[in-house]
Number of protein chains: 2
Amino acid sequence: MKRGTALLLGWVCCGLGARAGTHPCLVFREQTLASFRQEWRDYPLMERSVNRQIALADAALATPVEVPVPVDPAGGYTHSCHRSNAVRMLACGQSYLLTSKPAYREYVRTVLLRYADSYPDLGPHPARANQAPGRLFWQLLNETVWLVQTIQAYDAVCDGLTAEDRDRIEAGVFRPMVVFILEENAAVFDLIHNHATWAAAAVGMCGMVMDEPEWVEQSLMGSAKDGQSGFLRQMDLLFSPDGYYAEGPYYQRYVLEPFMTFALALDNQRPEIGIFRRRDGVLLRAVETLLQLSDADGELFALNDCIKGKSLRSPEVVAAIAIAHARGDGQGNPALQALARSHGEVHVSPEGLQLAKAVAAGGQDAFVRKSMVIRDGVDGAGGAVVLLRGGDRARQADPAGLELVFKATTQGMGHGHFDRLSFIVHEGGREVLRDYGSARFINVLQKNGGRYLPENKTWAKQSVAHHVLVLDERSHFDGDTDRGDAHVPHLLYAGLDAADFQYASAEDSHAVEGWCMRRTLARFEWEPIPGAVSRAYVLDLLEATGGVKTQTADLPLYPAGEFIHANFEYEAAPVLQPLGRSAGYEHLWVTGRSVNELPQTASMTWQQGHRFYSWMTCTSPGMQWMFTLSGAGDPQFNLRREAGVLLRVPAGESVAFASVLEAHGNYDSQSESVVDSVPSISGVEWVLRDETLAVVCVTTVEGARHLFAFSREDAPEKAHDFHWEGVCYQWVGNAFHQPHQPTLPSQ
Amino acid sequence: MKRGTALLLGWVCCGLGARAGTHPCLVFREQTLASFRQEWRDYPLMERSVNRQIALADAALATPVEVPVPVDPAGGYTHSCHRSNAVRMLACGQSYLLTSKPAYREYVRTVLLRYADSYPDLGPHPARANQAPGRLFWQLLNETVWLVQTIQAYDAVCDGLTAEDRDRIEAGVFRPMVVFILEENAAVFDLIHNHATWAAAAVGMCGMVMDEPEWVEQSLMGSAKDGQSGFLRQMDLLFSPDGYYAEGPYYQRYVLEPFMTFALALDNQRPEIGIFRRRDGVLLRAVETLLQLSDADGELFALNDCIKGKSLRSPEVVAAIAIAHARGDGQGNPALQALARSHGEVHVSPEGLQLAKAVAAGGQDAFVRKSMVIRDGVDGAGGAVVLLRGGDRARQADPAGLELVFKATTQGMGHGHFDRLSFIVHEGGREVLRDYGSARFINVLQKNGGRYLPENKTWAKQSVAHHVLVLDERSHFDGDTDRGDAHVPHLLYAGLDAADFQYASAEDSHAVEGWCMRRTLARFEWEPIPGAVSRAYVLDLLEATGGVKTQTADLPLYPAGEFIHANFEYEAAPVLQPLGRSAGYEHLWVTGRSVNELPQTASMTWQQGHRFYSWMTCTSPGMQWMFTLSGAGDPQFNLRREAGVLLRVPAGESVAFASVLEAHGNYDSQSESVVDSVPSISGVEWVLRDETLAVVCVTTVEGARHLFAFSREDAPEKAHDFHWEGVCYQWVGNAFHQPHQPTLPSQ
């Protein structure tokens with residue numbers, strides 16, 4: 001951290017508070033403001049975005065100011081009031097900068113003076129729970145978010161305030177708040193965690209506005225200024241080299257607000273730090289990685305804790321897009337321009353204006369969601385998320401735009417789920433095989449004060465809530481986050497070059513003690529029959545070997561949509577009982593189960609929107625197919641009722657599931673025409689499983705057979721061969737697929 | 001029927017088949033075709049619509065023709081093939097008319113000759129079930145639909161065919177098909193039912209194209225030509241004077257295709273009949289009524305049997321809009337123009353062109369969904385659907401655009417549900433309190449061949465699947481359709497003049513033997529607090545009196561969304577059991593129930609999309625609140641799992657539920673801000689229930705009280721008064737509402 005320390009040596013004098021004539025200094029600066037004022041109306045995206053902020057500011061002016069005594073947890077009245085005040089002050093501050101109308105400045109002044117009167121006397125929040133409490137809010141986190149927004153509002157207006165007002169506001173609000181964060185909550189401030197990033201950004205931006213270089217240095221280097229914590233260390237440790245944030249896309253979006261906003265302010269004031277070039281531009285890569293972690297509708301993939309419905313249209317992402325566009329390679333980025341165009345808005349900032357200009361001048365390229373490997377772990381060796389999307393066809397609203405998300409990542413700390421080697425599938429913005437997300441109604445007062453619900457721990461995080469292998473009804477790492485954080489999975493290889501056949505293979509030797517799990521996922525397409533609706537397929541080989549004998553091995557699946565058909569005998573349960581007693585099993589009702597032996601390939605079809613999906617699994621003796629429904633053991637009705645299935649085999653010392661997911665057909669609700677509601681694949685079988693190869697054969701309803709083979713190790717130049725039904729197959733590389741036409745015995 | 005008979009006397013000679021030079025004669029005619037060809041590219045709506053048909057025709061040309069031997073039920077391969085052939089022939093026929101390209105004509109010719117080769121030898125369809133079977137399709141209905149489309153395709157091309165081809169096609173396809181419908185299925189042909197309307201339109205249009213006036217006369221007057229059946233009689237009996245079709249909106253949409261298409265052809269060829277003026281223009285009114293029976297997204301309300309997701313964008317409605325626009329009062333209709341503009345397409349016909357022109361020239365009015373009474377019954381005395389929408393605010397995307405649909409109609413024959421005095425609520429295109437619709441996956445082969453599922457009868461039609469009063473777990477009319485058809489409910493009065501207070505009251509004395517049920521529904525709004533999100537309310541007074549003592553009285557409700565909160569103690573069931581044994585109760589799991597006595601006002605809040613909703617009910621001793629989930633007793637997993645509640649009281653000799661539904665608050669998923677997740681109403685209580693009045697008092701969380709009073713009879717000029725808590729209220733009319741401020745006792 002010597003380099004960082006050296007960079008900051010210039011700032012050592014003690015600050016005296018905001019000096020008039022030096023603001024704004026964070027997002028806007030004097031040198032960019034004049035041209036912004038002249039130009040914003042000329043670019044439709046920016047005009048619309050500014051007008052939205054002005055409308056918000058005007059609405060604020062028309063609403064009585066309330067600064068209530070903090071009482072409520074998240075979602076409650078006082079919580080919402082304080083949250084709204086920050087949003088309104090920011091809108092008024094921006095509107096003042098752009099229009100110079102005194103009413104906007106007066107609003108910010110009035111509200112801040114009200115806070116200055118009350119804040120110093122507040123004790124810890126009465127609704128505090130297990131998180132570090134704030135004073136305005138039940139958790140310190142919300143207080144730092146408030147401060148990140150409010151200091152920007154103050155930055156916008158403070159040159160227009162009297163010295164007396166500035167003193168009152170700084171002495172009553174900002175100084176005590178910084179002291180509260182930096183000194184009273186030094187332990188949080190020095191974490192390597194998203195809460196600490198918000199704290200660092202808040203304190204650092206206060207330091208810039210109020211001319212307190214010490215605060216800036218502490219925000220960058222940690223409270224002890226030793227570089228062991230603080231913003232720079234967080235940048236170094238919280239992202240993988242590919243810009244993946246281990247808590248998952250939902251929190252990556254959240255943490256990008258303080259990272260990108262503070263980095264922008266730093267880059268404006270201290271360009272010599274080169275914050276956007278640090279770690280080869282990891283912040284810029286983090287933005288692009290997040291954008292890729294969304295489905296065709298822009299909704300973020302629900303990995304780890306997340307609230308569903310959060311998309312690239314969220315304000316943090318809109319801001320990040322503009323900043324990344326401006327501070328990237330300088331060539332402009334058509335992908336970011338395409339997103340801004342589809343969003344119809346940009347961040348209100350000089351960077352947003354630059355983006356709006358580029359969009360106005362630019363082409364009509366679409367944002368392309370790509371197949372890619374996103375490595376996890378600070379060194380890139382903590383597994384990966386692999387996105388398999390079938391090449392450029394994802395560019396179109398292709399009915400076969402099946403998106404496969406293979407999650408073989410690190411644990412992700414407290415917001416991580418016990419889902420080693422899991423995957424989810426989306427198509428056309430719809431969930432096909434889904435992750436539950438988190439159990440939380442954020443900011444809804446009646447639901448545990450808007451906090452995480454108890455079922456987040458007992459259900460949403462547990463392995464059985466994911467598409468993973470579960471042995472003996474025990475979650476990975478027995479649900480112990482520390483153990484999970486201590487071990488990483490291993491991505492063996494990925495092959496993403498061919499549009500019609502992509503694959504990845506990963507393994508994990510720690511999640512289940514004494515067992516090594518391996519999963520190989522492939523996405524493939526076959527040339528559709530002329531005139532037919534396109535089909536897409538996922539091949540899933542899930543295997544595990546261990547020295548310890550187990551009783552049950554389960555593969556749970558959560559197909560989104562309505563059940564259509566199963567090809568085996570089953571019985572619906574006359575009375576619903578929970579499936580188990582712990583590890584999430586207590587939250588699953590058993591709604592039915594297969595009776596008798598399953599056919600060689602068991603299959604189930606469901607309908608989601610206008611599409612049909614089928615899951616085909618190669619069965620083994622004793623395998624049972626259960627139908628489940630979430631919502632058991634749920635005294636407050638906190639859980640959504642979502643149907644699932646659970647494939648169970650008596651495990652023994654090894655287990656191997658081979659399955660195919662097929663997306664097929666179409667239902668047109670207006671014309672009520674239905675095509676291809678029946679899958680094209682009728683059989684999946686293991687051909688070979690040994691120490692070097694896994695080979696399966698997939699059979700179509702017309703009887704065509706197709707072989708898929710995968711290496712056990714990453715050896716792209718190694719030669720393989722095997723014999724089956726009189727044919728000898730030979731190839732070089734990790735994966736292989738080919739039609740199988742056995743030699744017929746001569747007659 | 002003498003008038004109809006006289007009108008047809010001119011057509012008595014026997015036809016000789018289609019004569020060259022007289023076609024097209026149905027939708028297009030020689031005199032309209034030339035100008036259509038010149039103009040269609042000039043109007044964007046029509047250009048797009050024609051290009052879509054041409055694209056469909058071009059796709060047909062590129063696809064091998066298949067005319068398979070009929071084998072499959074609905075949704076199966078051969079079913080879909082024959083359906084597609086009709087759609088493709090129609091597209092090619094239209095494309096030929098507009099472009100004169102021989103390839104389109106040749107396609108129709110080729111396909112029809114293939115049918116001519118095979119059709120005469122077909123017997124009844126092998127997948128026939130309990131409906132009259134067709135030959136190409138499992139039911140005759142599909143065959144008549146096929147014929148309505150195909151005869152239009154033939155009409156388009158036949159002048160370009162050789163006499164020999166025409167003879168082969170007519171002798172092989174159209175004549176045997178007409179004979180099959182008209183003679184072999186005379187019993188169906190002479191029904192007063194949607195199946196017979198399709199049959200009449202098919203036969204009548206064949207008669208026009210093939211110069212068989214006898215067929216036209218039979219189609220209009222019934223097979224015996226006595227006017228006791230046939231198209232005209234169907235027009236007279238199947239719609240109410242307000243243009244309501246008793247089977248409900250879903251089937252109204254369906255039956256409008258043959259009604260409007262055949263009427264258009266008739267109006268073109270036999271304008272002297274004045275078909276669009278018959279019964280004061282009932283067909284035109286039926287179109288406008290259907291359009292009003294849709295929510296803010298254009299989705300049809302799910303009354304009686306219906307498949308959800310069907311909207312005003314369905315092709316039948318698009319055609320009906322154009323025809324009604326052209327054949328209406330001649331002034332053009334801005335509402336129809338607004339719909340066409342929002343649909344972005346029009347019917348490919350001279351009438352569609354007229355509409356496209358009007359849209360191109362017209363204003364920017366939106367389609368307004370109105371509050372209205374839609375009477376049911378052929379004489380208008382069979383009850384009504386009453387739409388309560390709060391006036392012109394429904395015009396905007398108003399968050400308080402709560403739409404209340406009060407269904408107090410006739411049974412609706414075989415597709416009717418046992419839901420006397422039911423209601424549903426939508427807001428902003430979302431279901432709030434929902435009807436299950438029908439239990440059917442239409443055209444999905446694996447689901448009972450695409451037919452209605454057994455659960456349509458055992459669950460979807462039963463009273464407990466609706467928001468109605470159910471006594472002793474027995475459905476209305478004990479689930480007997482004939483009994484239901486024999487008795488009608490009675491709309492007492494409706495008051496729709498004020499935007500902020502609208503109401504309707506209806507009663508039924510037959511659905512539950514020995515009992516008289518009455519329901520009064522009101523929709524009201526209060527001035528929102530400045531800056532607050534608007535709220536809207538529904539007041540529901542459901543009462544019944546009877547001479548027979550009963551054990552239980554149930555009010556089931558199906559709130560769409562996620563449970564948030566209940567204000568009473570309840571226990572979730574550790575094991576799920578079905579609620580009952582019959583009448584739909586066997587399909588409900590009991591997921592929980594209230595424990596101990598309920599508070600005076602019991603309430604529950606749920607979230608649906610970005611809005612919160614609460615149901616508040618005045619409780620009575622012994623009342624129990626149960627939580628339910630559909631899907632019990634469902635061996636094939638045919639049902640969707642939808643949560644519900646069931647309010648149960650020990651009935652005795654009378655029962656009275658007083659409840660308020662409140663729509664409140666907002667959840668913004670991108671900013672995660674939540675406002676007003678708690679309802680503003682905390683109390684609902686009965687003030688008075690006697691032979692002349694029903695009075696309730698509604699209390700807000702701030703303690704304000706508001707009285708609502710409703711008359712027992714329709715007497716808009718009658719004076720009423722009552723005293724309560726020292727205040728005397730007096731008014732004239734059916735309904736009354738006023739704040740309640742009791743006189744405080746003097747100290």
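Trainee: In which strand of chain A is A:Ser630 found?

Mentor: In this predicted model, the element that holds A:Ser630 spans residues 624–630 of chain A. That element is strand β16.

Trainee: Is A:Ser630 buried or exposed?

Mentor: The relative accessible area of A:Ser630 is 1%, and a residue counts as buried when this value is under 20%. A:Ser630 is therefore buried.

Trainee: Which backbone atom lies 2.7 Å from a polar atom of the side chain of A:Ser630?

Mentor: Leaving aside residues up to four places away in sequence, A:Ser630 touches several residues, among them A:Tyr436, A:Trp459, A:Arg640 and A:Glu642. For A:Glu642, the backbone nitrogen lies 2.8 Å from a polar atom of the A:Ser630 side chain. The atom at 2.7 Å is the backbone oxygen of A:Arg640.

Trainee: Which helix gives the most residues to the largest nonpolar core?

Mentor: In soluble globular proteins, nonpolar side chains tend to be buried together. The largest nonpolar core here has 148 residues, of which B:Met46, B:Tyr154 and B:Phe174 touch the most other members. With twelve residues, the element that gives the most to this core is helix α12 (residues 249–269) of chain B.

Trainee: How many residues are in the second, separate core?

Mentor: This second core includes A:Val148, A:Leu161, A:Ile323 and A:Ala439. Its number of residues is 147.

Trainee: What kind of axis relates the two copies?

Mentor: Chain A is superposed on chain B, with an RMSD of 0.0 Å, by a rotation of 180° that has 0.0 Å of shift along its axis. The two copies are thus related as by a two-fold rotation axis.

Trainee: Which residue of chain A has the C-alpha nearest the axis?

Mentor: The C-alpha in question lies 2.4 Å from the axis. It belongs to A:Leu576.

Trainee: Why can one say that the copies meet through the same surface?

Mentor: One compares the interface residues of chain A with those of chain B. The copies meet through the same surface because the share of chain A interface residues that are also interface residues in chain B is 100%.

Trainee: Which strand gives the largest share of the lining of the largest cavity?

Mentor: A search of the whole structure finds five cavities of 30 Å³ or more, and the largest cavity holds about 60 Å³ of space. Its lining includes A:Trp589, A:Gly631 and A:Arg641 as well as B:Ala572, B:Ala573 and B:Leu576. The largest share of that lining, three residues, comes from residues 570–578 of chain B, which form strand β12.

Methods: Residues numbered from 1 in each chain as written. Chains lettered and ligands numbered in written order. Predicted model: local features only at pLDDT ≥ 70, side-chain atom pairs only at ≥ 80, totals over all residues. Heavy atoms only, no water. Helix = DSSP H or I, 4+ residues; strand = E, 2+ residues; numbered from the N terminus. Buried < 20%, exposed > 50% of the residue type's maximum accessible area, 1.4 Å probe, protein only. Polar contact = N/O pair within 3.5 Å; in protein donor to acceptor, adjacent residues only side chain to side chain. Contact = heavy atoms within 4.5 Å. Core = buried A, V, L, I, M, F, W, Y, C linked by side-chain atoms within 4.5 Å. Least-squares fit on C-alpha atoms with pLDDT ≥ 70 in both. 1 Å grid on protein atoms, 1.4 Å probe; cavity = no way out; pocket = protein on both sides within 12 Å on 5 of 7 lines; lining within 4 Å. Points joined across faces, edges and corners; volume = space filled by probe spheres on them.
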